[in-house]
Amino acid sequence: MRRIIICLFIMLVQTSMAAAGDGDYQKEPERLKVGLVLGGGGAKGAATVGVLKTIESVGIPIDYIAGTSIGAIVGGLWACGVRSEEMEALFRSQEWSSLLTDRNDAYRNQIWAEDDGVTYIFGFPVSRKNKQERKTGKKTFGIVQGDHIFHLIDSISGFRDSISFDRLPVPFKCVAFDCTTGREVVLDHGKLPTALRASMAIPGLFKPVELDSMILLDGGICNNLPVDVVKAMGADVVIAIDLTQNKHDDHKEKSLWSQLSLDALADIFLTRPDKAKYDANCEVVDVYINPRLDGCDALSFQPDKIDKMIRIGEQTGKKHRKALKRLKKKIQQ
């Protein structure tokens with residue numbers, strides 16, 4: 001009897017192990033990881049919001065996000081959980097002239113005013129006693145400090161402490177340009193509003209962001225469509241929204257490069273490393289979305305232009321709906 005019980009026990013163990021083995025064998029493989037890349041383009045980012053509506057409605061899971069300039073701002077907020085409907089309201093409700101110029105409405109009707117080291121003319125800041133510049137001796141050029149944009153991002157994102165951007169609801173990275181070394185910088189930790197502000201620091205317009213030993217400017221200088229960044233994060237397939245209109249012709253910075261030395265300027269304009277990277281990045285995108293925004297540019301922040309670009313983004317997203325559905329089916333196989 002004892003021998004029978006032992007034999008039954010052995011048979012039961014073997015059956016359980018076989019069942020476990022079958023379960024492992026039948027386990028579904030992990031799906032492909034999806035990366036979302038949002039390019040720079042200033043006000044044209046309104047079109048990105050329109051495209052995102054279709055991506056959300058199709059229900060494609062986004063695993064990683066990388067962005068540059070306005071793409072960093074939209075992508076960073078999306079990574080925090082802010083969706084297209086909220087971002088559309090944000091684009092439509094802003095007083096862009098005040099937001100982009102740091103205008104202080106309290107002094108809007110005063111010819112001249114001073115407050116906390118800042119001199120205003122009709123509310124527009126025209127000079128600022130910069131303690132950091134006096135302390136470091138570094139001179140940075142830019143008309144706008146970017147305080148209003150920084151505080152707006154800070155209030156919306158909900159992530160104010162220094163963190164790894166991998167800890168956001170969707171892992172995120174953004175691109176900036178360090179003019180002290182002439183190199184691309186991928187920002188993946190720290191204070192999110194600071195990183196987004198650095199990525200959109202258009203040279204000559206916004207003050208550069210000083211971070212550690214770096215002086216950071218707009219990432220569009222070096223990598224305006226950071227597909228390579230999202231690939232390095234682990235993306236198997238990529239959806240990219242590119243706001244470039246004339247395939248790099250409008251991607252040149254012209255006279256806004258005043259922060260850089262003449263030697264650095266000459267090297268960048270002669271070699272155009274950003275163009276080579278841009279072309280290479282476009283080639284490895286699975287769903288490439290490039291809204292046609294005729295009559296609009298990076299400074300088209302007027303309400304009618306914002307409305308037009310959002311609608312064009314929506315229409316463009318719908319045109320790519322079948323491709324997005326095919327991608328969704330592909331990643332679920």
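**Close-up 1. Two buried rings, Phe 165 and Phe 172, side by side in a predicted model.** Both of these Phe residues are buried. Search the whole structure for aromatic pairs and you get just 1. That pair is Phe 165 with Phe 172, and it is tilted, with 6.2 Å from centre to centre and 45° between the planes.

**Close-up 2. Ile 55 and its company in the largest nonpolar core.** This core has 63 residues, and Ile 55, Ile 60, Ile 62, Phe 172 and Ile 239 are the ones that touch the most other members. There's also a second, separate core of 21 residues, with Val 37, Val 175, Ala 235 and Val 285 among them. Skip the neighbours within four places in sequence, and Ile 55 is in contact with residues including Leu 36, Ile 241 and Leu 324. In soluble globular proteins, nonpolar side chains tend to be buried together.

**Close-up 3. Glu 88 with two salt-bridge partners, Lys 53 and Arg 92.** Lys 53 comes within 2.5 Å, N to O, although it sits in helix H2 while Glu 88 is in helix H4, 35 residues apart. For Arg 92 the closest N and O atoms are 2.9 Å apart. Glu 88 and Arg 92 are 4 residues apart in helix H4, so about one helical turn separates them. Glu 88 is buried at 13% relative accessible area, whereas Lys 53, at 25%, is partly exposed.

**Close-up 4. A salt bridge along helix H12, between Asp 307 and Arg 311.** Their side chains meet at 3.0 Å, N to O, and the two residues lie about one turn of the helix apart. Shared partners join Lys 53, Glu 88, Arg 92, Asp 307, Arg 311 and Glu 314 into one salt-bridge network.

Notes
Residues numbered from 1 in each chain as written. Predicted model: local features only at pLDDT ≥ 70, side-chain atom pairs only at ≥ 80, totals over all residues. Heavy atoms only, no water. Phe/Tyr/Trp six-rings, centres within 6.5 Å; stacked < 30°, edge-to-face > 60°. Buried < 20%, exposed > 50% of the residue type's maximum accessible area, 1.4 Å probe, protein only. Core = buried A, V, L, I, M, F, W, Y, C linked by side-chain atoms within 4.5 Å. Contact = heavy atoms within 4.5 Å. Salt bridge = Lys/Arg side-chain N within 4 Å of Asp/Glu carboxyl O.
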